[in-house]
Amino acid sequence: MGMSLTPEEISRYSRHIRLPQVGLPGQEKLATARVLIIGLGGLGSPASLYLAAAGLGTLGLADFDVVEPHNLQRQILHGDTDSGRKKLDSGIESLRAINPKIELIRHPEGITVDNAVDLISQYDLVLDGSDNFPTRYLVNDAAFFAGKPLVYGSIFQFEGQVSIFEPCAGGPCYRCLFPQMPEPGTVPNCEEAGVFGALCGVVGSNQAMESIKRLINVGESLMGRLLVIDSLAQRHRTLKLKPDPQCPLCGHTPSITDIRPENYEWSCAAPDTTSEEIPMEISVQEAHAQLQQAPPPLFLDVREDFEVAIAKIDGAIEIPLGELPLRWEALDAKAPLLVYCHHGMRSLRATEFLRSKGLDGAVSIRGGIDAWSREINPELARY
Ligand SMILES: [Zn+2]
């Protein structure tokens with residue numbers, strides 16, 4: 001039951017309506033659609049601006065945060081004079097200026113373990129613009145329980161990822177890729193890692209595109225595919241993703257059957273490691289010593305091809321981090337495994353992932369090839 005658009009609206013959205021794949025029926029669908037946006041930061045800014053401009057009927061905005069000066073480098077909903085204001089307030093002002101006709105609903109408490117499923121249930125689709133693991137896992141799980149499509153986007157330094165997770169339509173969820181949250185302290189957050197500002201525009205706009213396509217059911221969605229954008233090399237790849245029958249959320253025998261606060265706790269304390277446990281990371285000296293042993297441990301390079309072309313440590317199997325969810329099964333699960341990347345961040349993430357798949361011998365090399373070139377082999381090119 002489409003609601004009819006006024007002549008003024010037909011004129012306003014005419015450049016969409018003229019696209020045969022959208023047309024008047026598509027625009028009418030958008031006018032009644034409800035999208036929940038989690039976070040009005042780097043990804044939520046461009047996503048909400050484009051969805052507002054496109055005439056989405058209702059945008060729910062979940063954010064509890066306040067604008068800080070260092071946000072302005074990428075969070076284009078907010079301007080210079082907005083520092084100290086609630087992102088909801090400055091964001092709504094910007095969105096109203098773009099399109100006063102659409103309905104904007106404030107969720108000032110943000111998404112929480114208490115409200116997540118209920119909040120997402122009120123919308124047709126949820127767009128995740130969060131920048132931290134507990135929220136990302138919470139949104140994934142709550143979208144699954146609410147049976148709603150999740151448009152996922154994330155950024156790490158110069159790399160962006162986009163996908164649609166919709167297990168109830170036969171696609172995978174985020175936990176099919178990364179079953180468990182990484183241990184606190186093993187992955188850097190945005191503040192530590194840095195964010196390439198304009199890449200947020202690319203990823204957030206892709207999330208807006210995928211949302212609109214999904215809402216009016218046109219084109220090929222990213223369900224079952226992960227778009228990986230490497231902005232440094234300017235390479236875009238799409239990796240096939242399959243639902244994991246072992247997934248703790250959407251698999252055949254799920255261990256996560258409701259939203260429990262303990263599943264989304266994240267403290268900054270270092271993870272417990274007893275003496276029997278294999279450490280998550282070791283120094284380059286220790287790694288070098290282990291590689292001299294017979295038999296040497298398996299050796300895995302999770303950097304991108306262009307980085308391998310610059311410099312590499314001989315003897316490593318090359319699987320870029322983004323391809324690991326598809327290719328890890330080729331690795332010997334029982335063998336000790338040393339993982340390296342450029343600076344030791346991606347290799348830690350890879351190690352987390354491999355251990356979640358039962359490769360308990362996986363260990364990350366701290367400082368990556370950069371530390372290796374400083375401390376073991378100065379001949380290696382640094383980049
Ligand atoms: Zn899953």
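The exercises below work through a predicted model of one protein chain, each with a stepwise solution.

Residues are numbered from 1 along each chain as its sequence is written, and side-chain values use heavy atoms, with hydrogens and water left out. Because the model is predicted, local features need pLDDT of at least 70 and side-chain atom pairs count only at pLDDT 80 or more, whereas totals for chains, interfaces and linings use all residues.

**Exercise 1. Overall form**

Task: Determine whether the radius of gyration of the chain agrees with that of a compact globule or departs from it.

Solution: Begin with the expected value, which for 383 residues is near 21 Å (taken over C-alpha atoms, with a globule rule of 2.2 Å times the number of residues to the power 0.38). The chain has 22 Å, and therefore agrees with the rule. Next, consider the extents of the C-alpha trace, which spans about 75 × 45 × 40 Å along its principal axes. Finally, buried residues make up 54% of the chain, where buried means under 20% relative accessible area, exposed over 50%, and partly exposed in between, with a 1.4 Å probe and protein chains only.

**Exercise 2. The setting of helix 4**

Task: Establish how many of the residues of helix 4 are buried, and what covers them.

Solution: First place the element: the chain has 15 helices and 13 strands, which are DSSP runs numbered from the N terminus (helices H or I, at least four residues; strands E, at least two). Helix 4 covers residues 44-53, and 8 of its 10 residues are buried, so this helix is largely enclosed by the rest of the structure. Among those buried residues are Pro46, Leu49 and Leu51. The elements that cover the buried residues include strand 1 (34-38), strand 2 (58-62), helix 5 (87-98), strand 4 (125-128) and helix 10 (197-216). Just after helix 4, Gly55 takes a positive phi of about 80°.

**Exercise 3. Ser347 and its contacts**

Task: Decide whether Ser347 is buried or exposed, and find which residues it is in contact with.

Solution: Start from the location of Ser347, which is helix 14 (residues 345-356). Its relative accessibility is 0%, and Ser347 therefore counts as buried. Leaving aside neighbours within four places in sequence, Ser347 is in contact (heavy atoms within 4.5 Å) with Val302, Val339, Tyr340, Cys341, Ser364 and Ile365. One of these partners, Cys341, is itself buried, with a relative accessible area of 1%.

**Exercise 4. Backbone exceptions**

Task: Identify where Gln157, Asn217 and Pro295 lie, and state what marks the backbone at each.

Solution: As background, most residues other than glycine have a negative phi, and most peptide bonds are trans. Gln157, in the loop between strand 5 (150-156) and strand 6 (159-165), has a positive phi of about 55° although it is not a glycine, and Gln157 is partly exposed at 26% relative accessible area. Asn217, in the loop between helix 10 and strand 7 (225-230), likewise has a positive phi, near 55°, and Asn217 is exposed at 57%. The C-alpha atoms of Asn217 and Gly26 are separated by 8.8 Å, although these residues are 191 residues apart along the chain; Gly26 is found in helix 3 (residues 23-32) and is buried, with a relative accessible area of 5%. Pro295, in the loop between helix 11 (284-292) and strand 10 (298-301), is joined to Ala294 by a cis peptide bond whose omega is about -10°.
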